[in-house]
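Hi,

Here is the structure I promised to pass on, with my notes underneath. Have a look at it first, then read on.

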Amino acid sequence: HDDPTVIRMLYDLTGVNPQDVPLGDPETMSLFESPKALGVTEEEINCKTGTLGIPEFGTKFVRGMLIDTKPKTFADLLRISGLSHGTDVWLGNAQTLIENGTITLKETISTRDSIMIYLINKGVEKKKSFKIMEKVRKGKGLTEEDIADMKASDVPDWYIESCQKIEYMFPKAHAAAYVMMAWRVAYCKVFYPLAYYAAYFSIRASGFTYKLMCQGRDKLEYHLAEYKSRSDSLSKKEQDTLRDMRIVQEMYARGFEFIPIDIYRAKARNFQIIDGKLMPSLSSIDGLGEKAADAIVFAAEDGKFLSKEDFINRTKVTKTVCDLMAELGILTGLPESNQLSLFDMVM
């Protein structure tokens with residue numbers, strides 16, 4: 001789980017102590033219902049929430065839960081986290097009860113702890129309440145005796161039936177830890193956008209590609225449409241790329257841009273904020289692995305490259321990668337060989 005790494009990078013870039021992030025900030029809360037706080041519309045990013053790229057809340061499944069439940073408070077997010085991590089807790093269970101108007105999000109069985117607390121408050125004996133919780137959270141269902149005890153305390157039928165369907169339940173403490181992490185990232189997404197995108201692309205964007213995503217908004221939209229047109233047949237790698245393209249689309253929609261990679265300033269793995277824009281990492285170049293990216297950084301520290309030939313010799317990158325970098329404008333100004341460079345110097 002790499003979110004602590006994201007938090008550390010966000011802290012380094014912004015100077016904000018994660019512990020100081022207000023857990024009741026209204027603009028951050030609004031992201032879980034709408035992208036309005038990002039300064040974009042649903043149509044611009046093809047998403048009804050502002051949670052793309054937010055840990056725990058960025059997947060299509062959980063975004064659907066957010067749309068269905070319309071959370072208003074931090075406590076609502078805890079419930080959604082519990083529901084999303086459980087098995088047979090949401091689909092065919094709580095989701096249906098909410099859709100039918102039987103219950104609200106606040107009334108759902110969202111975490112294992114909530115069962116014991118609910119039953120104790122209804123008057124079920126404490127030890128019995130604990131045992132029922134343990135059975136339900138492990139997917140063992142209820143005995144006739146359990147059901148009788150629950151009905152004797154006026155536990156509604158929908159609650160008993162919901163317990164019977166559950167296969168696994170998430171503990172509230174884990175849900176709280178995950179939501180606090182997600183909230184701190186979401187806060188930076190609203191108030192420190194470039195730091196957020198730099199951290200996301202550096203650490204979590206496994207499908208990022210400089211060629212498809214960093215050549216301007218129009219080219220990004222073209223490639224995004226092409227990927228979406230064959231979304232049913234994308235490979236796992238392409239699915240990751242599509243996910244990351246959507247985050248880039250959002251970044252462009254917010255008015256932010258990339259600057260071209262400068263081989264003397266770029267870092268191997270991390271994106272950088274330079275003059276109000278993002279410089280991608282060297283490893284975002286297709287075919288350029290982390291070792292090769294490190295080699296370029298080390299070689300650049302020894303001085304300017306005389307030519308593409310010199311670049312290949314000193315960095316050990318393949319000619320294919322060198323040609324791609326030249327095609328992308330990253331090696332502009334470098335002649336093909338040292339001989340040509342020396343000739344130019346004489347002339």
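The lining of the largest pocket in this predicted model breaks down into ten charged, seven nonpolar and five polar residues. That pocket holds about 580 Å³ of space. Of its 22 lining residues, Gly-58, Thr-59, Lys-60, Arg-63 and Arg-243 sit nearest the centre. Helices H4 (60-69) and H15 (236-253) each put in at least two residues, and H15 has the largest share, with seven.

The second largest pocket comes in at about 300 Å³. It has 15 lining residues, and Arg-79, Lys-106, Thr-108, Ser-110 and Ser-114 are the ones nearest its centre. Two helices, H5 (74-85) and H7 (112-122), give two or more residues to this lining; H7 gives the most, four. Here the split is six nonpolar, four polar and five charged.

Thr-108 also turns up elsewhere: beyond its neighbours within four places in sequence, Ala-94 is in contact with Thr-108, Leu-83 and Val-89. Ala-94 belongs to helix H6 and is buried, at 3% relative accessible area. Its C-alpha lies 8.3 Å from that of Leu-105, eleven residues away along the chain.

And how does H6 pack against H10? The axes of H6 (residues 90-99) and H10 (residues 157-165) are 9 Å apart, at an angle of about 155 degrees, so the two helices run roughly antiparallel. Gly-92, Asn-93 and Leu-97 make the contact from the H6 side, with Trp-158, Ser-162 and Lys-165 from H10. Those contact residues are three polar, two nonpolar and one charged.

Cheers

How values were computed: Residues are numbered from 1 along each chain as its sequence is written. This is a predicted model: local features need pLDDT of at least 70, side-chain atom pairs count only at pLDDT 80 or more; totals for chains, interfaces and linings use all residues. Side-chain values use heavy atoms; hydrogens and water are left out. Axes are lines fitted to C-alpha atoms, for helices over the stretch in contact, and angles run from 0 to 180 degrees between N-to-C directions. Angles under 35 degrees count as roughly parallel, over 145 as roughly antiparallel, 65 to 115 as roughly perpendicular and the rest as oblique. Contact means heavy atoms within 4.5 Å. Ala, Val, Leu, Ile, Met, Phe, Trp, Tyr, Cys and Pro count as nonpolar, Asp, Glu, Lys and Arg as charged, and the others, Gly among them, as polar. Buried means under 20% relative accessible area, exposed over 50%, partly exposed in between (1.4 Å probe, protein chains only). On a 1 Å grid over the protein atoms alone, a cavity is a set of points where a 1.4 Å probe fits but cannot get out, and a pocket is an open set with protein on both sides within 12 Å along at least five of seven lines; lining residues have an atom within 4 Å of a point. Grid points are joined across faces, edges and corners, and a volume is the space filled by probe spheres set on the points.
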